[in-house]
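Student: I would like to learn how to read the features of a model like the one below. Please take them one at a time.

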Amino acid sequence: MCGCNLVVLHPSGDIAAQQRDLIVISTILMLLIIIPVMITTVLFAWKYRKGNTEAKYEPDWHHSTKLELLIWSAPLLIIICLGALTWIATHLLDPYRPLDRISPTQQVAAGTKPLEVQVVALDWKWLFIYPEYGVATLNEMAAPVDRPITFSLTASSVMNSFFVPALAGQIYTMPGMETKLHAVINKAGTYRGFSANYSGAGFTHMQFEFKGLSTADFDGWVAGVKAGKDGALTRQVYLQLERPSEKVPVHFYPTVDPALFKAVVNMCVEPGKMCSSDMMALDAKGGLGLDSARSMLSLTYDKYARRGSTVFGGQQTFVVGLCAPEDLSAAASAPLSVGGARVIGGGQPAGFTPISAPSAVQLPTLRPSNI
């Protein structure tokens, strides 16, 4: 105990302080029943010891209404108190819930813009992206004192747990998913952050510094990051960065690809990879090919479309081509047309026509809404 600084019981952020209070109050409530039980256990053993001939010997005693009420009512009341306390705290300290106060005496002012920080757990290091400032850092994070922070978190490979004990409770980071955390730091200082979930050989060194700074000092820190010599954090740089490595020093990236975090979450940083969000959108429409499209028609409730009562009529539509959003710009310079209607698609030859469907299926006139 002498070697611990007990930061969990002496935090510097309001969320962590509320979590500390929850731990302390819950412990006290449980001790209200635990301590009396421990004391009475010793007293009973002493009073009814073999050498005490003055103790009453009542072998036929079997019931006492007063003792029954005491034995059952006390724990029941404590459980009710713990349940109510936990229910309230579960909602108030929900990591996805935006902050409504800075401290017990200070509410979040109307119009306050939280600091947005995008966090990526790598093997074995932490990447922080500040979209508001267009910068990124590795293994170092800073935030102004008394300003709400909104974290968006994900991971590159395996599950990790983002934890700054002085700031707030831990929150998991998972590949292909995005989690949220809202917090605030109330005292200036340098605090320890780390992964609280084992993630491989370099887990021990997966740590970073979290700096709570005044507004002026934070602006100076951002200026220092923008003056960093590590270059732009592009997708190519990220692909090198996500490779497993240990004890990586702090890096400052003065510019960053604004779509990088979204690409990390959707696991499509590498060129040519389909984003999981696009894949799910295709799956929601029944996937690719005529068979899957026809299957979806029987599952979709379209009271009017297939009966010809809409603007576009009731014709069946099919996927005939795919293109990434960045490819759409190429289509504008050389628009294609099939059946007299413009087809959106990039890099197709001038004589492009869709692959013929089975003879039993009549392809409709293609419209932009079909693609």
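Tutor: We will go through a sheet, a helix packed on it, one side chain and a record annotation. Keep in mind that this is a predicted model.

Student: How do I read a sheet, and what is the strand order here?

Tutor: List the strands by who pairs with whom. Here an open sheet of 6 strands runs S10-S7-S3-S4-S5-S13, and the pairing is mixed. Strands S10 (179–183) and S13 (251–253) are at the edges with a single partner strand each, so one side of each has no neighbour in the sheet. From one strand to the next, the twist averages 20°.

Student: How many bridges join S7 to S10?

Tutor: Strand S7 (residues 149–155) is joined to S10 by 5 bridges, and the two run antiparallel. In that pairing, Ile149 stands opposite Ala183 in S10.

Student: Which strands does helix H3 lie across?

Tutor: Helix H3 (residues 215–226) lies across S3, S4, S5 and S13, at about 85° to S5.

Student: Is Trp221 of that helix buried or exposed?

Tutor: Compare its relative accessible area with the cut-off: buried means under 20%. Trp221, in helix H3, has 10%, so Trp221 is buried. Beyond its sequence neighbours within four places, its contacts include Tyr130, Thr137, Met141 and Phe252. Met141 is 80 residues away along the chain, yet the two C-alpha atoms are separated by 9.9 Å.

Student: Where does UniProt place the feature "transmembrane region"?

Tutor: The unreviewed UniProt entry gives residues 22–46 and 67–89. In the model, residues 22–46 are 100% helix, with end C-alpha atoms 36 Å apart. Residues 67–89 are also 100% helix, with 33 Å between the end C-alpha atoms.

Methods
Residues numbered from 1 in each chain as written. Predicted model: local features only at pLDDT ≥ 70, side-chain atom pairs only at ≥ 80, totals over all residues. Heavy atoms only, no water. Pairing = 2+ DSSP bridges. Helix = DSSP H or I, 4+ residues; strand = E, 2+ residues; numbered from the N terminus. Axes fitted to C-alpha atoms, helices over the stretch in contact; angles between N-to-C directions. Contact = heavy atoms within 4.5 Å. UniProt positions renumbered as here; feature names shortened; annotations may be inferred. Buried < 20%, exposed > 50% of the residue type's maximum accessible area, 1.4 Å probe, protein only.
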